[in-house]
Amino acid sequence: YQRRVRGTTRVMVGHPLDTIKTKMQAQQGFERTTMVGTLTKTVRTQGVKGLYRGCIPPLWGSGIFRSTQFAVFEAAYTYCDRHPILKSELPGTFGLQPRVLLAGACASTARAIIESPLELAKVRRQTGQSYEIRGLYKGFGVTWIRTMGLMGTYFILIDSFRRNTPHLFSSPIMGPFLLSGSAATLAWWLVWPFENMKSQVQGNYGRDMPLVQRLMLTVRERGFFGLYRGIGPGTLRSFLANGTSMIVMSNAQKVVTKMGIRD
């Protein structure tokens, strides 16, 4: 129940900003528009409902791949307990252990397998296109690279925060929320060029080409910061969606407890 509430809130709050981000990255006619310009143009031509196009795939599937990634991480992390070498600290990393990297890679791969077709369906709907079942895994390679960097960075930062600033986790809500939000945002900033390329590939923007060639073409046509197009609404989406869903889930927990469904 709580996961459904949190997932629904995340999509309802964050999807309009995600739609703006995707249009800025991968829809013809939006190549030069600003965040506000993209919002205005979308509402003017499609109405407010245009901001929620493509919301069904993440609404249905985000809870699945998010739960899976953490379950796989914990399973792989626990399995590594059997191997002392994977529990040794890597020099110069403030105590980072190889098992965090290995578990993060396993979790990222599991997430990418589930998320990739959902992302393609979402991006196609956001950019006004249709899709076919047989093509749902287009862009899986860049999705996997993006997810490896995203979740790998996230798990490394969370692990570091837990070991070096344990007092910040003592707060039941704000401590974990702020640390988790900060880790997620930093991870997104790091992998944003690949998120941009993923949107282009899955949104059929431009001709098909290898990932490195697409990255170089973007830099040549739009400059280095062209790789970070859409990062404004992307960052806002991350903060607002995570923050609001955390508040809603906290209140949902109180309601469930009062109802006697859980202690």
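The following paragraphs lead through a predicted model of a protein, from its overall make-up to selected residues.

The secondary structure of the protein consists of eight helices and zero strands. Read from the N terminus, the order of elements is accordingly α-α-α-α-α-α-α-α. Of the 263 residues in the protein, 46% are buried. The accessible surface amounts to about 13,600 Å², and carbon and sulfur atoms contribute 66% of that area. Among contacts with a separation of 6 or more, 71% are between residues 24 or more positions apart.

The aromatic side chains offer a way into the interior. The structure holds nine aromatic pairs. One of them joins F73 and F155, whose rings are stacked, with 4.0 Å from centre to centre and 15° between the planes. This pair links distant parts of the chain, since F73 belongs to helix α3 (residues 56-79) and F155 to helix α5 (residues 140-164), 82 residues apart. A pair of aromatic rings is described by two quantities, the distance of the centres and the angle of the planes. Are the two partners buried or exposed? F73 has a relative accessibility of 8% and therefore counts as buried. F155, at 6% relative accessibility, counts as buried because its value is under 20%. These two residues also take part in a cluster, in which ring pairs link F70, F73, Y77, Y154 and F155.

Another aromatic ring has a charged partner. K41 lies over the face of F30, at 4.5 Å from the ring centre.

Helix α6 and the loop that follows provide two further points of interest. S199 is found in helix α6. Its relative accessible area is 0%, so S199 is buried. Which residues does S199 touch, if those up to four places away in sequence are not counted? The contacts of S199 are with K21, Q25, A26 and V123.

N204 lies in the loop between α6 (174-202) and α7 (211-222). Most residues other than glycine have a negative phi. In N204, by contrast, phi is positive, near 55°, although the residue is not glycine. With a relative accessibility of 35%, N204 counts as partly exposed, because this value falls between the 20% limit for buried residues and the 50% limit for exposed ones. Thus S199 in helix α6 is buried, whereas N204 in the loop is partly exposed.

Note on methods:
Residues are numbered from 1 along each chain as its sequence is written. This is a predicted model: local features need pLDDT of at least 70, side-chain atom pairs count only at pLDDT 80 or more; totals for chains, interfaces and linings use all residues. Side-chain values use heavy atoms; hydrogens and water are left out. Rings of Phe, Tyr and Trp (its six-membered ring) pair if their centres lie within 6.5 Å; planes under 30 degrees apart count as stacked, over 60 as edge-to-face and the rest as tilted. Helices (H or I, at least four residues) and strands (E, at least two) are DSSP runs, numbered from the N terminus. Buried means under 20% relative accessible area, exposed over 50%, partly exposed in between (1.4 Å probe, protein chains only). A charge sits over a ring if NZ of Lys or CZ of Arg is within 6 Å of the ring centre and within 35 degrees of the ring normal. Contact means heavy atoms within 4.5 Å. Accessible areas come from the Shrake-Rupley method with a 1.4 Å probe; for residues, only the protein chains shown count as cover.
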